[in-house]
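These are my notebook entries from a session with one structure. I looked up a few residues and one pair of helices, and I wrote down what I found for each.

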Amino acid sequence: MALYKLRERLEHIKESSFKLEREIQKSTERNLDIIFKLDFVKSEFSLNNFRIDTLAFDNENNSFVIIEYKRDKNFSVIDQGYAYLSLMLNNKADFILEYNEQKERALKRNDIDWSQSKVVFISPSFTAYQREAINFRDLPIELWEVKKYTNETVSYDQIIKSGAQESINTISNSDKTVEKVSKEVKVFTEQEHLSKSEFEIRELYELFKERVFNLAENITLNPRKHFIGFKIDGNTFCDIIFLGKSLKIVFNLKSGELEDTKKISRDISNVGHWGNGAYELKITDSEDLEYILSLIKQSLKKNQE
């Protein structure tokens, strides 16, 4: 994609190259919270003859994330990704110990949701084969392309799976590492949440999703174990929890930030709950949809700031 600086006549912004893989790594590690909303743990984490470029922690999912940086195109993202996940699952105590030493916390094994572990590969480019290799609906591996430009700009873009329908489990019979990891690591999908609800609630969700997606161009879905998150610029602004005969919406706002004149939401800041934010409401039909969308717009705007 060509980029241009806005002038009377457009000025072409050219792509420049990274001199070393380490340059990508340093830049990413310094900005993990901005780029991926992750907490940096350790650089060059070595264990059992493996060296992990960057170990990070996802506080939203309570899970570890392994990040690898690649300039070499001749590697299998599936083989390497599952090798790292297998390393983690076989050495959980070592990962927790490293986290506790680096972050000065007392994290315990049960505090980690190991099912949400994943590997992220970052590279200036990936081959067509590597892009196709991740086209499984439940693959705990992500590819991100990083580009550097002559105007001191950097972009990170995730390679999106193209209509993935097949499960990684279809190849697990021929790969014992994949089979073992797949028993513990789980990638949740939108369809799995939909299957928990009755037809009317599924229809209500589809209507809700359509209206929310019309609020902005860069909204994305983030299916999680207990809910589906709606994100803008990488920030969650609301979560949907499927309850069988109703939907629960959680607004990612702090207590006191939501202006709800109809008083249809409740403050849950002092109780344990799924989802991000201090307010929730339940819906069983589309009667108050327009008003609910006005509440969602408040959270959307706040999480774009």
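Entry 1. Is Arg137 buried, partly exposed or exposed? I kept in mind that the model is a predicted one, and I looked up the relative accessible area of Arg137, which is 39%. Because buried means under 20% and exposed means over 50%, Arg137 is partly exposed. I then located Arg137 in the chain and found it in the loop between helix H5 (128–133) and strand S8 (141–149). I also looked up its separation from Asn90, which is 47 residues away along the chain, and the C-alpha atoms of the two residues are 24 Å apart.

Entry 2. I turned next to Thr28, which has its place in helix H1, a helix that covers residues 21–30. The relative accessible area of Thr28 is 0%, so I noted this residue as buried. Which residues does Thr28 touch, once those up to four places away in sequence are left out? I listed Ile35, Phe36, Tyr69, Ile122 and Tyr156. For the polar part of its side chain, I found that a polar atom there lies 2.8 Å from the backbone oxygen of Ile24.

Entry 3. I looked up Ile52 and found it in strand S5, which is made up of residues 50–58. Ile52 counts as buried, because its relative accessibility is 0%. Leaving out residues up to four places away in sequence, I recorded that Ile52 touches Ser43, Glu44, Phe45, Ile66, Glu68, Tyr84, Leu87 and Phe95. I also checked Ile52 against Ser246, which is 194 residues away along the chain, and the C-alpha atoms of this pair are separated by 43 Å.

Entry 4. My last item was a pair of helices, H8 (residues 199–213) and H9 (residues 289–302), whose axes come within 11 Å and cross at roughly 50°. How are H8 and H9 oriented to each other? Since angles under 35 degrees count as roughly parallel and those of 65 to 115 as roughly perpendicular, the two helices are therefore oblique to each other. I noted the crossing of H8 and H9 as right-handed. I then went through the residues that meet there, and I found Leu207, Phe208, Arg211 and Val212 on the H8 side, with Leu289, Glu290, Leu293 and Ile296 on the H9 side. Sorted by character, the residues of this contact divide into 6 nonpolar and 2 charged, with no polar ones.

Methods: Residues numbered from 1 in each chain as written. Predicted model: local features only at pLDDT ≥ 70, side-chain atom pairs only at ≥ 80, totals over all residues. Heavy atoms only, no water. Axes fitted to C-alpha atoms, helices over the stretch in contact; angles between N-to-C directions. Helix = DSSP H or I, 4+ residues; strand = E, 2+ residues; numbered from the N terminus. Parallel < 35°, antiparallel > 145°, perpendicular 65-115°, else oblique. Left-handed = near helix turned anticlockwise from the far one by under 90°. Contact = heavy atoms within 4.5 Å. Nonpolar A, V, L, I, M, F, W, Y, C, P; charged D, E, K, R; others polar. Buried < 20%, exposed > 50% of the residue type's maximum accessible area, 1.4 Å probe, protein only. Polar contact = N/O pair within 3.5 Å; in protein donor to acceptor, adjacent residues only side chain to side chain.
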